[in-house]
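Biologist: I would like a close look at one part of this model, namely its strands and how they are paired. Please then connect that part with the surroundings it sits in.

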Amino acid sequence: MFSWFWYIFPCLGLLLLRILWHNNTGKTPAKKIPAGNRGIPVIGETIQFMAAINSNKGFYDFVKIRRLKYGNCFKTNIIGQTHVFISSTEAAKKILSNEGGNFTKRYIKSIAKLVGDQSLLCASHQQHKLIRSHLSSLFSTTSLSTMVRQFDELTVNNLSNWHKKSSIIILHEALKITLEAICKMLMSLEDKKELEMLHKDIGLIYEAMLSFPLRLPWTRFYKGLQARKRIMNLLDKILEARRKSKEKYDDFLDYLLIKDDQIIQLTNEQIKDNILTMIIAGQDTTASAITWMVKYLDDNPKALKNLRAEQQALQQKVSCKAYLTYEDLNCMPYASKVVKESLRMASIVPWFPRMALQDCEIEGFTIKKGWNINVDAKSVHFDPMIFHDPHKFIPSRFDDDSKPYSFLAFGMGGRTCLGLHLARAMMLVFVYRLTTSYRWKVLDSDESIEKWTLFSRLKSGCPIHVTSIEEERDSPNASKT
Ligand code: HEM
């Protein structure tokens with residue numbers, strides 16, 4: 001009995017000393033290397049990643065499968081580079097707020113070549129600061145108010161003849177309206193032919209973004225680069241005309257060209273790369289989000305009923321005005337939650353890529369200098385510990401503030417989406433016009449994801465059939481779906 005006492009007592013003492021020593025030094029006993037399969041030498045798991053891009057489950061499936069197998073943090077190798085994926089609000093905070101300066105933004109090579117090295121997506125830390133400060137001042141409340149009016153006008157025109165058609169593909173219409181709105185806002189581009197050309201070329205760039213960076217004439221990457229060249233030529237033409245013009249335009253380009261000795265001007269290359277970046281960052285994301293929102297509302301009649309009630313009440317108040325104002329959007333509390341819930345469920349940008357600038361540690365995992373570290377936002381959005389019944393569309397879950405770093409649709413920190421208020425405004429305007437003009441039925445409920453797209457897009461594009469609410473009022477016996 002006594003011999004046991006003399007053996008256990010010093011052991012407990014040593015254990016206590018060890019705990020105290022760790023608490024004082026802040027060191028953890030053993031750092032973990034993220035689990036995962038590095039695949040075959042050099043190629044790694046590139047083939048599996050490409051297969052996911054080329055499947056109807058969408059490229060996030062690559063991450064989902066590994067997350068289920070290895071847990072919250074795993075490692076893989078794509079095109080010869082180590083990629084770590086991590087999904088927790090704590091990791092998101094540490095990486096996206098970048099307090100220790102351990103991380104920088106990093107896109108895969110094909111994306112950087114397509115958007116241009118002066119794009120704020122790829123620019124060095126210093127350059128990013130300069131470009132971002134120029135671009136963020138463009139999204140003032142005054143410009144947002146102009147944009148809301150312009151976007152509403154485009155939406156009203158676009159929706160005006162939907163009831164005469166047997167079906168409407170929401171994604172196609174949303175892509176058209178968002179491109180027109182963004183091009184008008186950026187550089188007053190309204191010429192139908194130029195817009196059509198831009199629409200096709202932006203589409204080719206999207207398709208090239210996830211492709212293997214091989215410059216052979218039949219590859220997606222090559223076609224994307226050719227499309228970029230054509231867009232750069234168009235932007236050169238617009239810039240040249242604008243520099244010669246004495247006319248005043250109320251757009252971003254005019255603002256970027258203002259001569260002011262107090263601020264460092266952007267070069268032509270910086271202006272062109274960043275106009276392309278904003279079109280790429282803003283058009284497809286917003287159009288895809290609108291498409292998912294229409295689908296989710298069709299799947300959830302109760303939410304649609306609540307939304308319609310709110311929007312029709314607002315319609316009574318604003319019907320004297322031809323177009324919505326930015327202030328009107330503040331009178332849409334339920335619609336705002338519908339927008340937020342759609343963005344959570346769709347997780348249009350499923351993860352955010354960064355690169356470790358030095359060896360560091362996240363949640364006990366060792367991250368080596370040079371590794372790519374991706375914040376897996378989609379897993380956070382579907383974490384049942386954060387959002388109850390995460391696969392259900394419940395707008396009222398946003399009645400209360402959500403946990404910090406849990407709603408990541410627009411990212412967080414110094415790289416937060418520059419267009420978030422504009423994107424939110426476009427979604428609200430669209431849903432207001434749709435719910436107050438039409439009832440709709442989705443014609444194809446297939447949830448397959450489009451192949452080769454950077455942002456999560458419904459393959460069907462969400463085809464709908466609409467009936468006019470106004471016509472229904474004139475013939476009250478018509479069915480209400
Ligand atoms: C629903 C629509 C949109 C979604 C879901 C979205 C999402 C995002 C996300 C998640 C990021 C940050 C990525 C990261 O941290 O790695 C981002 C960045 C960005 N977004 Fe958006 N976005 C949308 C619309 C727009 C619009 C309309 C514009 C402008 C016209 C825009 C311009 C940008 C730009 C310029 C950046 C880069 C910011 C930087 O690196 O400093 N986005 N967006």
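Modeller: Two strands are said to pair when DSSP finds at least two bridges between them. By that criterion, 2 bridges join S4 to strand S10 (residues 463–468), and these two strands run antiparallel; within S10, Pro 463 is the bridge partner of Ile 169. Please keep in mind throughout that this is a predicted model.

The pairing of S4 with S10 belongs to an open sheet of 3 strands, in the order S4-S10-S9, with antiparallel pairing. Strand S4 (168–169) and strand S9 (438–442) stand at its edges with a single partner strand each, so each of them has one side that is left without a neighbour in the sheet.

A second set of pairings centres on strand S8 (residues 372–376), and here the surroundings can be followed in more detail. Strand S2 (residues 81–86) is joined to S8 by 4 bridges and runs parallel to it, while strand S5 (residues 351–356) is joined to S8 by 5 bridges and runs antiparallel. Both pairings can be read at one residue of S8, Ile 373, which is the bridge partner of Val 84 and also the bridge partner of Arg 354.

Is S8 mostly covered or mostly exposed? It is mostly covered, since 5 of its 5 residues reach the threshold for burial, which is 20 or more other C-beta atoms within 10 Å. In a regular strand the side chains alternate between the two faces of the sheet. In S8 both faces are covered, with Asn 372, Asn 374 and Asp 376 buried on one side and Ile 373 and Val 375 buried on the other.

Part of what lies against these strands is helix H4 (residues 89–97), whose buried residues are Ala 91, Ala 92, Lys 94, Ile 95 and Leu 96. Those residues pack against S2, S5 and S8, and also against strand S3 (103–105), strand S6 (360–362) and H15.

Some backbone details accompany these elements. Most residues other than glycine have a negative phi, and most peptide bonds are trans. Asn 98, just after H4, takes a positive phi of about 50°. Ile 79, in the loop between strand S1 (73–78) and S2, has a positive phi near 45°, and with 17 C-beta neighbours inside 10 Å it counts as partly exposed. Asp 389, in the loop between H15 and H16, has a positive phi near 40°, and with 9 other C-beta atoms within 10 Å it is exposed.

The loop between helix H15 (377–381) and helix H16 (420–437) also holds Cys 417, which UniProt lists, in an unreviewed entry, under "binding site". Cys 417 counts as partly exposed because it has 17 C-beta neighbours inside 10 Å, and, leaving aside residues up to four places away in sequence, it touches Phe 410 and Gly 411. Cys 417 is also among the residues that come nearest to the ligand, together with Gly 282, Phe 352, Gly 411 and Gly 419, out of the 24 residues around it. Helix H12 (268–299) and H16 are the elements that give two or more residues to this shell, and H12 gives the most, with 7 residues. By residue type, the shell around the ligand divides into 16 nonpolar, 6 polar and 2 charged residues.

One more buried position brings distant parts of the chain together. Asp 152, in helix H7 (residues 141–159), has 24 other C-beta atoms within 10 Å and is therefore buried. Leaving aside residues up to four places away in sequence, Asp 152 touches Tyr 323, Leu 324 and Val 429. Its C-alpha atom is separated by 9.8 Å from that of Ala 425, although Asp 152 and Ala 425 are 273 residues apart along the chain.

For the chain as a whole, 75% of the contacts between residues at least 6 apart in sequence join residues at least 24 apart, and 37% of its 481 residues count as buried. The chain has 17 helices and 10 strands. Its radius of gyration is 25 Å, close to the 23 Å that the globule rule gives for 481 residues, so the chain is as compact as a globular protein of that length. Along its principal axes, the C-alpha trace spans about 95 × 60 × 45 Å.

Terms used. Residues are numbered from 1 along each chain as its sequence is written. This is a predicted model: local features need pLDDT of at least 70, side-chain atom pairs count only at pLDDT 80 or more; totals for chains, interfaces and linings use all residues. The radius of gyration is taken over C-alpha atoms; the globule rule is 2.2 Å times the number of residues to the power 0.38. A residue is buried if 20 or more other C-beta atoms lie within 10 Å of its own, exposed if 12 or fewer, and partly exposed in between; C-beta atoms are placed from the backbone. Two residues are in contact if their C-beta atoms, placed from the backbone, lie within 7 Å. UniProt positions are given in the numbering used here, feature names are shortened, and annotations may be inferred rather than shown by experiment. A residue is near a molecule or strand if its C-beta atom, placed from the backbone, lies within 6 Å of it. Ala, Val, Leu, Ile, Met, Phe, Trp, Tyr, Cys and Pro count as nonpolar, Asp, Glu, Lys and Arg as charged, and the others, Gly among them, as polar.
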